[in-house]
Amino acid sequence: MYLLFAFISAFSTALGTFLTRSLIQKLPAFQIVGPLFLLNAVAAIPFAVIRQDWVALTAVQLLEIVLLGALTALGGAVVFIIIKKSSASLSIVGSALSPAMVLILSPIFLKVGVRPIQLVVVAILVMASLFPIRKLVLGINSNLTFLLMLAQGVNVGIVAILISRLSHSGVGITQLLIIQQIIAGLIFAAIFWPKDVPIRSYPLLIKRSAFMSFGWFLSFIAIHRGSVLVVQSILSVIPLMIVALETFVYKKRPSLTVVISSIAVIACITALSVA
């Protein structure tokens, strides 16, 4: 069942990310990130009412959740920088590196063994993901593009590890999700106060947050019930889903480099998940 949750999560996240591009074209990019995270938390309230899984937190759990929220805010910043400069599909390609980071970090934080063949696939994955897209982020030089994509992959991988650790330590899924989104939202709102975001734009923000919150929720459940590596591998199909949405809505051919990069990433991660 967790595989189904992961696939639905990928599709919901793809829709939310696709909608992000249109929001940035109409509204001040960084000023809307805080409200979006906070609206994600509001959208998750019905899940909390249904599950009723909130528990008292230990000091260690609280610190890890704060770290999770801060890393989520950082990941959101990277995504919005890339979307603002290029396409929604390109913004997610870097996060397809997250299974590689999960593989590297799992022996340390999740006590999961790593086989040599998996390391080989990781190396191929890094080259397939980063080299074809290094020049596609308009206005950013190649070195910074490389670092942005790598940072996004590392960030998403660490976030997945923290979600797994916290959910298996007894923290409620909805508790974790809502606190994570609130922390990320408050960080962004404090730095980029949404003073130029008109009230009439909030229905658009709410629509986007509904998809993203649902995607986050299902990914949390999938990670809790199954393999972090497999879940992150499934989530790596998000780039192709966004490319398909862009092609359908804008009636244009997506960048060949982005398509090839997305396909290569997915092929490598598929091999990684079965290696």
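**Burial, aromatic pairing and a nonpolar patch**

In helix H11, the buried residues are Val228, Leu229, Val231, Gln232, Ser233, Ile234 and Leu235. The model described here is a predicted one. Helix H11 spans residues 228-235 and is mostly covered, with seven of its eight residues buried. At the N-terminal end of H11, Ser227 acts as the cap. A side-chain oxygen of Ser227 lies 3.2 Å from the backbone nitrogen of Val230.

Aromatic rings come next. Seven aromatic pairs are found in the structure. In one of them, the ring centres of Phe47 and Phe217 are 4.1 Å apart and the planes meet at 5°, so this pair counts as stacked; the cut-off for stacking is under 30 degrees. The pair joins distant parts of the chain, as Phe47 belongs to helix H3 (residues 45-51) and Phe217 to helix H10 (residues 202-225), with the two positions 170 residues apart in numbering. Both Phe47 and Phe217 are buried. Elsewhere among the aromatic residues, one cluster is formed by Phe30, Phe37, Phe188 and Phe192.

Turning to the surface, Met1, Leu4, Ile8 and Phe214 make a nonpolar patch of about 380 Å². One of these residues, Leu4, sits in helix H1, which covers residues 2-26. How exposed is Leu4? Its relative accessible area is 46%, so Leu4 is classed as partly exposed: the exposed class requires over 50%, and the buried class under 20%. Leu4 can still belong to the patch because patch residues need over 30% relative accessible area.

How values were computed:
Residues numbered from 1 in each chain as written. Predicted model: local features only at pLDDT ≥ 70, side-chain atom pairs only at ≥ 80, totals over all residues. Heavy atoms only, no water. Patch = residues over 30% accessible without salt bridge, like charges linked within 9 Å, V, L, I, M, F, W, Y side chains within 5 Å. Areas by Shrake-Rupley, 256 points an atom, 1.4 Å probe, with all protein chains shown as cover. Salt bridge = Lys/Arg side-chain N within 4 Å of Asp/Glu carboxyl O. Helix = DSSP H or I, 4+ residues; strand = E, 2+ residues; numbered from the N terminus. Buried < 20%, exposed > 50% of the residue type's maximum accessible area, 1.4 Å probe, protein only. Polar contact = N/O pair within 3.5 Å; in protein donor to acceptor, adjacent residues only side chain to side chain. Phe/Tyr/Trp six-rings, centres within 6.5 Å; stacked < 30°, edge-to-face > 60°.
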